[in-house]
Each structure stands twice: as structure tokens, then as C-alpha cells.
Amino acid sequence: MSKLTSKLGIGFMRTLAHVPFPLVRGFGAVLGRVLHVLAVPRRRVVDTNLALCFPDKTPAERHRMARETFVFVAQSWFDRSWLWHAPEAVVARRLKVVGAADVIEEIAHGHEPMILFAPHFYGLDAAATALTMHTDRPSTTIYTTQRDPMVDQWVSEGRKRFGNVITLNRMDGIKPIVAGLRKGGLLYLLPDMDFGRDQTVFVPFYGVQASTVPSLSRFARLGRAKVVPVVSKLTREGYEIEVLPAWEDFPTDDVMADTALMNRRLQGYIDAMPSQYYWVHRRFKTRPEGEEPVY
């Protein structure tokens, strides 16, 4: 991507932040439907994921889910315009945090190490913003560097807009992450993607062996942190961020069992709103030795 293209794209998002919200969502709905038709390679990824994870659903049901997930992709991307550039009062009005009141209070004002398990629903950036807006606690998030330096800086600045947010690259290692937790910080963790074969384990995800990073269990144990699931949902008004009670039985001494449990619980969150999960990712890209590729 050229510098000019990046500047124009970021400028467009800054402008879009001041467009009425229904129009922003309308743009996303139109673009999502267009992408579902034209982005054939990515649509095949979505279709494969849905076929593997929901074999009991009819082809028509999976087709509807695929079309909806492309709409949510586009809408959530356009929503980053106002998340990262609209006035703070506008952002706060469109983000609603619900769930366990005592845990929400602890996130805002507590001092104990805490990992916010934030699965890859399309509202993941909205959830992070909603929570960091209301706490001064150090909050660490791990990110993958964008190829374009200008876009990478824009994304990083957007995620650090509110609160005391520390962004770490995946290559920075675990020491700063664990150190932040042990000082009583928050870790916003998204471990439910396929990052290859290194330092991963194969555990079931919807009955399919999936290469999964066991970082939730390991960071919880090393950082002596409790794990709190955070589930984000696109709504007509903006986003609803549900903070669930901390897991009582996590972590254990068995990293494999912990990671399998994480996937099972994640399935429950997905089943409540399957079209809002990040099916555009090649979740089953890395296969166990001897298994054929699925994409």
C-alpha cells in the first residue's frame, strides 16, 4: 500500500467519524454484501469454517451466516472511524458495558492481576475501548504488526486512545506481559487464532483439531491472574460488551486441558451469536501431521 493510499484511507476514516451513525452502519451493510459476492477466496474460507463447525445446519442456514458475517466485518471496520476519531462523549454513548457488576468494578478500580479473555468477535476493538475508557490501570494488549507502517501507527494510536494502554508486539516475548500482570495490570488477550505450529497445541474446536496458542493458561499461571471473559456484540445502537464472572477452575497444572476448556467455553459464546465470530480467519490452516489441508 502506497503512502498516498494510506493517507487517503486514514483521512476517509477520520471524516467518516462525523457521519451520522445509521449511515456508517448502512455503508457497512452494503459493502459487506458486495464483499460476500466478490471476495471469493475469503468467502471460501468462511464457507469451509462454517461447514466444519456447523455440519448440522443446512446449506441455506450456513449461507445466511456467511452473508451476515461479511456484513459484520465491514460494519465493524467502519466503526473504527468513530471509535478512534469521534468525540469521547459520542464513543461512550455507543458502548454499553453489561454483566457482572462486581467484576466490572474490579476491572476499573481493582489491583489484582486480571486477564480479559476477549475472543475474536467483530466488536473486539470496541470492547477494549469501552473498558479502557473507565480505568487508569495499566492495560496490555498484544498485536500483530500491520504491513504498512502508517496504518500500523494509526491502529496502535487508536487502540491507545483512552486509558493507560500498552501495546506489545508478538515478538516482544512473555517477560513484559507477565511483569505487567504481576504489578496488578490488565491483559487484553485474544488467543483464539491459528498462529502456526510453533508453541501451539492441538485441541478440539467444534470437534475439529485446531492449532491453538495455550497462552491463556500460561499467562494466568505465570502472572497469578484471574481470567475474565469479555464478549462483544454489535447492536443497532453500537456495541454491547458483556463482562462475565471470572473462571473459578482456571488455570490448572494441565495446559492442554486448560486450552481445550477454553475452546469449549468459547463455543458456548459463539453459539449465542455465530455470525459475529471471526470466520474470515483460516482457523484450521495448520493441520496435525498427516492431515490434508482443509482450505
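This passage describes salt bridges, a buried arginine, a pocket and a cavity in a predicted model.

Salt bridges make a convenient way into the structure. The count comes to eight salt bridges. Side chains of opposite charge can pair when their charged atoms come close. One of these bridges lies within a helix: the side chains of E68 and R64 meet with an N to O distance of 3.2 Å. The two residues sit four places apart in helix α4 (residues 59-85), and therefore about one helical turn separates them. An α-helix has 3.6 residues a turn, so residues three or four places apart point the same way. Both partners are partly exposed, E68 with a relative accessible area of 28% and R64 with one of 35%.

Other bridges reach across the sequence. K226 pairs with E106 in a salt bridge whose closest N and O atoms are 3.2 Å apart. This pair links distant parts of the chain, since K226 belongs to strand β8 and E106 to helix α6 (residues 101-109), 120 residues apart. K226 is partly exposed, at a relative accessible area of 32%. A further salt bridge joins E289 to R197, with 3.8 Å between the closest N and O atoms. Here too distant parts of the chain are linked: E289 is in the segment after α11, R197 is in the loop between β5 and β6 (201-205), and their positions lie 92 residues apart. E289 counts as exposed, at 69% relative accessibility, while R197 counts as partly exposed, at 41%.

Salt bridges that share partners also join R80, D125 and R159 into one network. Of these residues, R80 is found in helix α4, the helix that also holds E68 and R64. R80 is buried, with a relative accessible area of 11%. Apart from neighbours within four places in sequence, R80 is in contact with M13 and D125.

Another buried arginine gives a contrasting picture. R283 is found in the segment after α11 (255-272). What is the nearest side chain of opposite charge to R283, and how far away is it? It is D194, 4.8 Å away. A salt bridge requires a side-chain nitrogen within 4 Å of a carboxyl oxygen, so a pair at a greater distance is not counted. R283 is thus buried yet has no salt bridge. The side chain of R283 does have a polar contact with that of T212, at 3.0 Å. Beyond residues up to four places away in sequence, the residues that R283 touches include D192, M193 and D194, along with F205, A210, S211 and T212. N49, N263 and Y295 are also among the residues touched by R283.

Attention now turns to open and enclosed space. The second largest pocket holds about 620 Å³ of space. It is lined by 21 residues, and those closest to its centre are R170, I174, Q199, V213 and S215. Which helix gives the most to this lining? Helix α10 (residues 215-222) does, with four residues.

Helix α10 also has a buried side. Its buried residues are S215, L216, S217, F219 and A220. S215 therefore appears both among these buried residues and among the residues closest to the centre of the pocket, where buried refers to a relative accessible area under 20%. The buried residues of α10 pack against the strands β2 (114-117), β3 (138-143), β5 (186-189) and β8 (226-234), and against the helices α9 (175-182) and α11. After α10 comes R224, whose phi is positive, near 55 degrees.

Helix α9, one of the packing partners of α10, contains P176. This proline is partly exposed, with a relative accessible area of 35%. P176 and T140 are 36 residues apart in sequence, and their C-alpha atoms are 9.2 Å apart in space.

As for enclosed space, the count comes to one cavity of 30 Å³ or more. About 40 Å³ of space lies in the largest cavity. Its lining consists of I107, L116, A128, L131, T132, T135, S139, L186 and Y188. Both α7 (124-132) and β5 supply at least two residues of this lining, and α7 gives the most, with three. Strand β5 thus takes part in lining the cavity as well as in packing against the buried residues of α10.

Technical notes
Residues numbered from 1 in each chain as written. Predicted model: local features only at pLDDT ≥ 70, side-chain atom pairs only at ≥ 80, totals over all residues. Heavy atoms only, no water. Buried < 20%, exposed > 50% of the residue type's maximum accessible area, 1.4 Å probe, protein only. Lys, Arg positive; Asp, Glu negative; His and termini not counted. Polar contact = N/O pair within 3.5 Å; in protein donor to acceptor, adjacent residues only side chain to side chain. Contact = heavy atoms within 4.5 Å. 1 Å grid on protein atoms, 1.4 Å probe; cavity = no way out; pocket = protein on both sides within 12 Å on 5 of 7 lines; lining within 4 Å. Points joined across faces, edges and corners; volume = space filled by probe spheres on them.
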